[in-house]
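The following exercises concern one protein chain. Each consists of a task and a solution worked in steps.

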Amino acid sequence: MTIQWFPGHMAKARREVTEQLKLVDIVFELVDARLPLSSRNPMIDEVIQHKPRLLILNKADLADSSETTRWIQYFKNEGTPAVAINSFQGQGLQAVTKAAKEILEPRIERMRKRGIRPGAIRAMIVGIPNVGKSTLINRLAKKNVAKTGNKPGVTKAQQWIKYGKELELLDTPGILWPKFEDKEAGYKLAITGAIKDTLLNMEDLALYGLRFLEQKYPNRLMERYGISTVGTEQDEIIKLFDHIGARRNVYTTGGEVDYDKVSEFIVQDIRNELLGKLTFDSVEDK
């Protein structure tokens, strides 16, 4: 799956991030805890370069906690401090400011020695669409100052938000890379909602989700759908969809299984945590 999607506002966002980078002390890179690697945009590395960075694994409540712990350690070993949060419920937010202070402590100490009183930390929040940037800002600011939504591309312009006396945040529109050449990463982004469903074949996406569960969380398949294997042949897959369709009572007016709706049910089951907490990236794969 190679998806080309680089709208004009995405290109503009990259230019704006580059221009405003000199105004901030640190970059908060927000990723989806369910795919800590696949939801990172390699273009962001090119843009922020050597600016201090904190990697924030958001939506940790939807991810496999044991995998999240391993990913935080992995990034730490790679030299990138990381924390896990749930911005929707406001969990782990104190860890963000604490980590930012620790990262910038050498700079703050140099300022103190020169007799300069450090002001509020100025941070820029970057990340691909739909990882929860606006939700995080609203939680930190304790009010709805940033527009939010459950679809990619909601934030369109930059804005500064103050968080008490310690932090000033610069929100930025989500930046997607020009195309997804990694087929696996494309499916992972799609299954978690980072890519608009209209760009994809829902049956292919549902089948990808089932195969992932078969490989990583086979017990979830049995618990939710009463199946143990997905199969590889076309007739096996058809029987599988028939089974799930009958189990969920999803039929057309003609009495046949509605494969489109079955596919939507499977994808929504995964997104809505009805198959448990899932992490699609694994440290072993990396």
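**Exercise 1. Strand 3 and its surroundings**

Task: In this predicted model, determine which residues of strand 3 point one way, which point the other way, and whether they are buried or exposed.

Solution.

Step 1. Arg53, Leu55 and Leu57 are directed to one side of strand 3, while Leu54, Ile56 and Asn58 are directed to the other, and all of them are buried. In a regular strand the side chains alternate between the two faces of the sheet.

Step 2. The count for the element agrees: strand 3, residues 53-58, is mostly covered, with six of its six residues buried.

Step 3. One neighbour is strand 2 (residues 26-32), which pairs with strand 3 in the parallel sense over six bridges. Within this pairing, aspartate 32 lies opposite asparagine 58 of strand 3. The connection from strand 2 to strand 3 passes through helix 2 (residues 42-48) and forms a right-handed β-α-β crossover.

Step 4. Another neighbour is strand 4 (residues 82-84), which runs parallel to strand 3 and is joined to it by three bridges. Here leucine 57 faces alanine 84 of strand 4. From strand 3 the chain reaches strand 4 by way of helix 3 (residues 65-77), and this β-α-β crossover is also right-handed.

**Exercise 2. Positive phi values outside glycine**

Task: Establish where glutamine 49 is found and where lysine 59 has its place, and classify each by accessibility.

Solution.

Step 1. Glutamine 49 has a phi near 50°, which is positive in a residue other than glycine. Its location is the loop between helix 2 and strand 3.

Step 2. Lysine 59, likewise not a glycine, has a positive phi of about 60°. Lysine 59 belongs to the loop between strand 3 and helix 3.

Step 3. The cut-offs are under 20% relative accessible area for buried and over 50% for exposed. With a relative accessible area of 55%, glutamine 49 is therefore exposed. Lysine 59 has a value of 18% and is therefore buried.

**Exercise 3. Helix 6 and its contact with helix 7**

Task: Describe the burial of helix 6, and derive how helix 6 and helix 7 are oriented to each other.

Solution.

Step 1. Helix 6 (residues 183-191) is mostly covered, since seven of its nine residues are buried. These are Ala185, Gly186, Tyr187, Lys188, Leu189, Ala190 and Ile191. Glycine 193, which follows helix 6, has a positive phi near 90°.

Step 2. The axes of helix 6 and helix 7 (residues 202-216) come within 10 Å and cross at roughly 100°. Angles of 65 to 115 degrees count as roughly perpendicular, and the two helices are therefore roughly perpendicular to each other.

Step 3. Helix 6 contributes Glu184, Tyr187, Lys188, Ala190 and Ile191 to the contact, and helix 7 contributes Asp204, Leu205, Tyr208 and Gly209. By class, five of the contact residues are nonpolar, one is polar and three are charged.

**Exercise 4. Helix 8 against helix 9**

Task: Derive the relative orientation of helix 8 and helix 9, and state how the residues of their contact divide.

Solution.

Step 1. The axes of helix 8 (residues 218-225) and helix 9 (residues 234-248) come within 11 Å and cross at roughly 45°. This angle falls outside the parallel, antiparallel and perpendicular ranges, so helix 8 and helix 9 are oblique to each other.

Step 2. On the side of helix 8 the contact involves Glu223, Arg224 and Tyr225; on the side of helix 9 it involves His243, Ile244, Arg247 and Arg248. The contact residues comprise two nonpolar, one polar and four charged.

**Exercise 5. Tryptophan 160 and the chain as a whole**

Task: Classify tryptophan 160 by accessibility, list what it touches, and give the overall figures for the chain.

Solution.

Step 1. Tryptophan 160 lies in strand 6 (residues 159-163). Its relative accessibility is 34%, so tryptophan 160 counts as partly exposed.

Step 2. Leaving aside residues up to four places away in sequence, tryptophan 160 touches Leu23, Val24, Arg122, Ala123, Glu168, Leu169 and Leu170. Between tryptophan 160 and arginine 122, which are 38 residues apart along the chain, the C-alpha separation is 9.3 Å.

Step 3. The chain has 10 helices and eight strands, and 49% of its 286 residues count as buried. Among contacts with a separation of 6 or more, 68% are between residues 24 or more positions apart.

Conventions:
Residues numbered from 1 in each chain as written. Predicted model: local features only at pLDDT ≥ 70, side-chain atom pairs only at ≥ 80, totals over all residues. Heavy atoms only, no water. Buried < 20%, exposed > 50% of the residue type's maximum accessible area, 1.4 Å probe, protein only. Helix = DSSP H or I, 4+ residues; strand = E, 2+ residues; numbered from the N terminus. Pairing = 2+ DSSP bridges. Right-handed = clockwise from strand over helix to strand, strands pointing away. Axes fitted to C-alpha atoms, helices over the stretch in contact; angles between N-to-C directions. Parallel < 35°, antiparallel > 145°, perpendicular 65-115°, else oblique. Contact = heavy atoms within 4.5 Å. Nonpolar A, V, L, I, M, F, W, Y, C, P; charged D, E, K, R; others polar.
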